[in-house]
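User: Hello! I am new to this structure and would like a close look at one part of it, with some of its surroundings explained along the way.

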Amino acid sequence: MDMEMLPVIVLYVEVLLFVLLERKLWRTPYTPLNCLMVPYAVVLAFCMAIDGKMDFVPFYYPSVWVWVVGIALFFIPSFFFGILFSAATRGKELPQVAVFEATRQVLGKLTRIILVLFFFWTIFLMLTFSAPIGSDAFGAKFSGNGIFGHLSTVMMILGIIWIFLIDKYHKNYVFYILGFFVVAFLCLVKSWMIIPIVSALIMRLLMQRIHLKVKLVLGVAVFGFVFFFASYWVSMFLVRADWATKQYNVTRAEYAQMTARYIQKHFVTYLVAGVYGFSEDMAKGIVEERDPDKVFTAVVNIGNVLTGQPVEEKINDKFVITTRADSGTNVRTFMGFLYVFLGPWQAALFVFLFSILVNVLFFVARQRANLFALVWSSWVCGYLFMGWFEFYLMHLNFLTVPVFLAMLAEISFWAENRSRQPRLLPPGYRPLSLKPGSR
């Protein structure tokens, strides 16, 4: 056996074993650990398929050991809480999500208010901001910070809820979902479109509102590519076409073909960027210095705000070249990011403690089937699903999402209780009789 492939073989055996155990313990395959490790395993297979092709550098297989160890550490708390869950629910029907009409009404009204605010905000930016729609500058201004940054996070949460709740009896929810798509598209951050959609689908699969089929997987893959293509097409062609045709001395049709070819190649490099980026980073001996602040950026910046210090962007500024077809990548996967910026021992501790938090949340959400607890748990699973690309927990919305969910839960609770209260009637009021002959 080629020793270079040993970590890959161990990883796939590990993934297969843990998938079977997770399904047995949690009575579902849609667990946090599976959301983390299965997408990574799929993208890793794709990386091995293009290794040495399309101008990619050789893949560094020892980098896979970091994921082998990380997955094993994540599984330990999942195994423990899975046993507790299995014992607590043995012989019982798992509860389904119950959503009162009052909750639907109040969340629908809130959605419409936010969409109206974003509509006028878009018009205002179009009239006053020099960068056009579709540019990175417009996207950053649109929801990069401030009140509209928080509103876009709330819109993501509401998007998850509407995608989860839509059915043949509530077809009007499609308008709310389209509103979410528009807001997410104008943000120009692909992950903030992908994560809510994945989170909602995980909820629907978990609650058996849909079933995993090849058609669903292909549909999601096609939608992901179309959204990826469209976001780059807007920023690269619609916004820059007039300038680029003069700069490169080509016709508009020729520039359209150039743009389409670039986006197609970039999609491949984007898909493997995290896994291949961490591989090349390890092959070069890790180009970054350890910096725990990058892992805890949200907490650090909250402290900076409270102490009057400037808010810092803690994105990784170290790029590695994985292929001559692209300019390089600065993403390192979920496990790779922790390994790079925390070191092996602190990264191992982080993964273990984070797994405890995630699996406690999943335990509670599964047992109670509360809408907002399920959204929170599925949102975290959406983060983990994107672990093949990057570590997303450094973003502020990892902390603000549970806060906003608590607020939405409280508003819904108030609406539900208000709808059950008897209405105050004027003194002397008597209801009309429905008996025959009565007036």
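Which residue lies over the face of Phe164, and at what distance from the ring centre?

Analyst: Happy to help! The residue is Arg209, which lies over the face of Phe164 at 4.9 Å from the ring centre. A charge sits over a ring if NZ of Lys or CZ of Arg is within 6 Å of the ring centre and within 35 degrees of the ring normal.

A word on the background: this is a predicted model, in which local features need pLDDT of at least 70 and side-chain atom pairs count only at pLDDT 80 or more, while totals for chains, interfaces and linings use all residues. Residues are numbered from 1 along each chain as its sequence is written, and side-chain values use heavy atoms, with hydrogens and water left out.

Staying with rings, there are 47 aromatic pairs, where rings of Phe, Tyr and Trp (its six-membered ring) pair if their centres lie within 6.5 Å.

Next comes Asn359, a residue of helix H16; helices here are DSSP runs of H or I with at least four residues, numbered from the N terminus. Asn359 is buried at 0% relative accessibility, buried meaning under 20% relative accessible area, exposed over 50% and partly exposed in between, with a 1.4 Å probe and protein chains only. Beyond neighbours within four places in sequence, Asn359 is in contact with Trp26, Pro32, Phe74, Pro77, Ser78 and Phe81, contact being heavy atoms within 4.5 Å.

The loop between helix H16 (344-368) and helix H17 (371-385) holds Ala369. Its phi is near 50°, a positive value in a residue other than glycine. That deserves a mention because most residues other than glycine have a negative phi. Ala369 is buried, with 4% relative accessibility. Asp55 also has a positive phi, near 65°, and sits in the loop between helix H2 (32-50) and helix H3 (64-89). Asp55, however, is partly exposed, with a relative accessible area of 42%.

Finally, the cysteines. A disulfide is a pair of cysteine sulfur atoms within 2.5 Å, and the count by this rule is zero. For Cys35, the nearest cysteine sulfur belongs to Cys381 and is 4.2 Å away, and Cys35 is in no disulfide. Cys47 is in no disulfide either, and the nearest cysteine sulfur to Cys47, that of Cys35, is 20 Å away. Cys35 is buried at 8% relative accessibility, and Cys47 is buried at 0%.

Terms used
Helices (H or I, at least four residues) and strands (E, at least two) are DSSP runs, numbered from the N terminus. Rings of Phe, Tyr and Trp (its six-membered ring) pair if their centres lie within 6.5 Å; planes under 30 degrees apart count as stacked, over 60 as edge-to-face and the rest as tilted.
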